[in-house]
Amino acid sequence: MTDLLTHQWTLDLPSEAATDMLARDLAPVLKAGDLVTLSGDLGAGKTAFARALIRQIAGDPELEVSSPTFTLIQLYDTPSYPVVHADLYRIGHPSELEELGWDEAPDGALVLVEWPEKAGDALPPDRLDIRFVHAGKSETARRATLVGTGEWSRRLRRISQIGDFLRGAGWQDATRVHIQGDASTRTYTRLIRGKATAILMNSPARTDRVPVRYGKTYSQIAHISQDVKPFVAMDRGLAERGFSAPQIIKEDLLHGLLLLEDFGSTFIAESSTPLPERYGAAIDMLAHLHALELPDTLPVTPAITHKIPIFDYGALDIEVELLIEWYLPLIGAPQLSQRNRDAFTALWRAALSPAVKGEKSWVLRDVHSPNLMWLPEREGIRKIGLLDFQDAMIGSPAYDVAALCLDARVTVSQPLELQLLTRYVKARKIADPAFEPAEFARAYAAMAAQRNTKILGLFARLDKRDGKPAYLKHIPRIRGYLDRALAHPSLTELKEWFETFVFSIEARVS
């Protein structure tokens, strides 16, 4: 049998409050079906920790949680999932577990077991064990050694990295509130410490292992960041140029952890409605950015630099191909022949050529409502708080304008879209009289078509591959945006391809 991987983390808990804090650290990462065993001598603090943990999970600091020493097993119905708290101190042999109704514990429960050694081999090895010992002069001072086995080895390693990071930043005692993240694997947590708040960005390094073309992975071709270094570089690059990128309070580049300034919870859209004043400020921000001369390399640290990738044909091609790989199967379309796929690529190359060869700027890539905060207390372009730019590239400025004016998460009407585009063009003409509105309009149509084609495939993939069907509700909006973009005369041939291989099939199945 292959030995299971283990990871160990040791913490000094000088007080009962520190023990409660450990419970607060663990509660957000536990889930239904987990097994946590609590070891240590009598009076070492096992039950005190279990009580704190159950209260955290239940969200009730006053919940009555007594020791199961005599009842042996107690069940708590929390809003998240059932919690089974067992104390095996009084059993004499593992066979007695069956008599206790151990096998009848609810499926999908978190199980906490004190004195797990009494169960022998009856407990599965894939678990988190916490061993408590007295340490220090205080009666409540303890040392906890956490050992993760199997899948818990990886999970505990990340928990320990986050815990050590927050302790180093002085935020270990903060209340934590999970924030809804984006479609990526990053997670965000609001930390609250008195009146002060900060955002913990948890973005462990990721590596795609499956090459899809030319020996490269999808992320390499599409220029998707693999760690936090691009975020740090772009964040400071934007801030130095007067934009509202969150201040980086503390960073751990190795483990992908950032403590960031909290911009609050007010976005440029509210209740699924784009607010013209705020979108106008966002378009002003983009016009200002696109009028600047910007470098293609930024420092991360004094010894590390980040080269901003080019939004090239490879990235543009592989993004629109998400439509073929994921959206066409979603609508029941037959598999395309290689001839029709080649035609798809050739039409896109022709449509995108003017934008690829034209004006260049930083493309922040996801400039839409979930990533744009409203900061009314600030002035000018700083009223817009920027959150998501780790995948930034150098390419056509029309891309980010299209991302904002055709917001994937809220419906931007055609009159508002036209109002924003007019405002952008006027601002660019004032900054540079040589700015060509007609060339920009063509680039805007091409980039709007490319982005919304990509998103159709991306949202279909999030549903089918990643089990996130909520993204499908946005499909009708994205389809409407794609129709708008393809109406530009320069995209007539591309529109004909879509009518043959996409729109006609949608019409048959609708």
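User: How much area does the protein chain expose, and what share of it do carbon and sulfur atoms supply?
Analyst: The protein chain exposes about 23,800 Å², and carbon and sulfur atoms supply 52% of that. Accessible areas come from the Shrake-Rupley method with a 1.4 Å probe. Keep in mind that this is a predicted model, where local features need pLDDT of at least 70, side-chain atom pairs count only at pLDDT 80 or more, and totals for chains, interfaces and linings use all residues. Residues are numbered from 1 along each chain as its sequence is written, and side-chain values use heavy atoms, leaving out hydrogens and water.

User: What percentage of the residues are buried?
Analyst: Of the 510 residues in the protein chain, 51% are buried, meaning under 20% relative accessible area (1.4 Å probe, protein chains only).

User: New topic: how many helices and strands are there?
Analyst: The protein chain has 14 helices and 20 strands. Both are DSSP runs numbered from the N terminus: helices are H or I with at least four residues, strands are E with at least two.

User: What's the strand order in the open sheet of five strands?
Analyst: The order is β8-β9-β10-β12-β11, with antiparallel pairing. Two strands pair if DSSP finds at least two bridges between them.

User: And which are the edge strands?
Analyst: β8 (175-179) and β11 (248-252), as each pairs on one side only.

User: How many bridges do β10 and β12 pair over?
Analyst: Strand β10 (residues 196-202) and strand β12 (residues 257-260) pair over four bridges, in the antiparallel sense. Leu200 stands opposite Leu259 in β12.

Definitions and conventions
Buried < 20%, exposed > 50% of the residue type's maximum accessible area, 1.4 Å probe, protein only.
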